[in-house]
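Visitor: I should like to learn how the strands and helices of this protein are arranged. Could you guide me through them?

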Amino acid sequence: MVYGLMIHSVDSSQTLHFSIFYTPEGNDMHKKTRQQTIMRRILEEHLFQTHSGDQHSAVKSKASSSLEDADWLFRFTSDSKPSAAFKAQPGFDYTEGILRLQGSTLFEYPKLVVWKHVDKVVYTLVCEPLDNPLLASNFLTLFVHELSDHFRKAGSLVDEVSSKPDEILVILDYLLPGGQLLFTNSNLHRYLKSQIGEVLSQKA
């Protein structure tokens with residue numbers, strides 16, 4: 001079981017759009033400080049990637065009208081079809097990474113933080129040390145696309161995420177049931193996607 005999930009701004013360690021934690025520690029009196037610590041670490045890593053001449057900058061500079069030229073979202077899901085919502089465009093901004101948080105007063109045990117940043121929004125999965133980072137990254141890929149597909153007709157994804165946490169919880173109930181990472185192939189993903197769509201359509 002993962003430790004928690006957060007959706008937050010890439011521009012500030014104070015702006016949180018959504019979060020859920022699956023452990024008593026994650027929901028204790030230090031929750032806000034813990035969230036800000038995680039967001040600050042990711043912000044530092046994002047700034048490092050965007051301002052250094054590393055491979056992320058090199059990939060970003062290759063972005064064109066074809067998603068295959070700069071496709072980090074489908075690195076672990078090669079059998080998936082690119083979504084138009086994530087078609088590489090001039091100015092399209094994305095980074096990703098994995099961080100390790102040492103045990104401290106905030107975390108009794110070390111944590112693995114897998115994150116993906118897409119167009120000013122960061123999707124962060126806080127994992128236990130033995131969780132599979134590839135499954136975590138694959139989940140984030142599917143989760144980002146599911147949110148984009150569901151909220152694409154709305155104005156601002158950030159506004160929708162902040163105002164409709166119940167709909168995000170529905171998506172998580174299928175893609176991350178009880179905080180458990182799933183081994184999701186294309187067939188299972190299609191099934192889960194259809195179930196999510198059916199439930200959300202009933203809520204509309």
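The questions below concern a predicted model.

Visitor: In what order do the five strands of the open sheet lie?

Guide: The five strands of this predicted model pair in an antiparallel manner. Strands of a sheet pair through backbone hydrogen bonds. Read across the open sheet, the order is β2-β1-β5-β4-β3.

Visitor: Which strands stand at the edges of the sheet?

Guide: A strand at an edge has a single partner strand, so one side of it is left without a neighbour in the sheet. This applies to residues 16-21 and to residues 94-101. The edge strands are therefore β2 and β3.

Visitor: Which residue of β2 is the bridge partner of Gly4?

Guide: Strand β1 covers residues 4-9 and runs antiparallel to β2. Five bridges join β1 to β2. In β2, the partner of Gly4 is Phe21.

Visitor: Which helix packs on the sheet and touches β1, β2, β3, β4 and β5?

Guide: The helix in question spans residues 31-51. Its direction makes about 130 degrees with that of β3. This helix is α1.

Visitor: How many residues in the contact of α3 with α6 are charged?

Guide: The axes of α3 (residues 133-151) and α6 (residues 186-203) come within 12 Å and cross at roughly 35 degrees, and the crossing is right-handed. Helix α3 contributes Leu142, Glu146, Asp149 and His150, while α6 contributes His189, Lys193, Ile196 and Leu200. Of these residues, three are nonpolar and two are polar. The number of charged residues is three.

How values were computed:
Residues are numbered from 1 along each chain as its sequence is written. This is a predicted model: local features need pLDDT of at least 70, side-chain atom pairs count only at pLDDT 80 or more; totals for chains, interfaces and linings use all residues. Side-chain values use heavy atoms; hydrogens and water are left out. Two strands pair if DSSP finds at least two bridges between them. Helices (H or I, at least four residues) and strands (E, at least two) are DSSP runs, numbered from the N terminus. Contact means heavy atoms within 4.5 Å. Axes are lines fitted to C-alpha atoms, for helices over the stretch in contact, and angles run from 0 to 180 degrees between N-to-C directions. A crossing is left-handed if the near helix is turned anticlockwise from the far one by less than a right angle, and right-handed if clockwise. Ala, Val, Leu, Ile, Met, Phe, Trp, Tyr, Cys and Pro count as nonpolar, Asp, Glu, Lys and Arg as charged, and the others, Gly among them, as polar.
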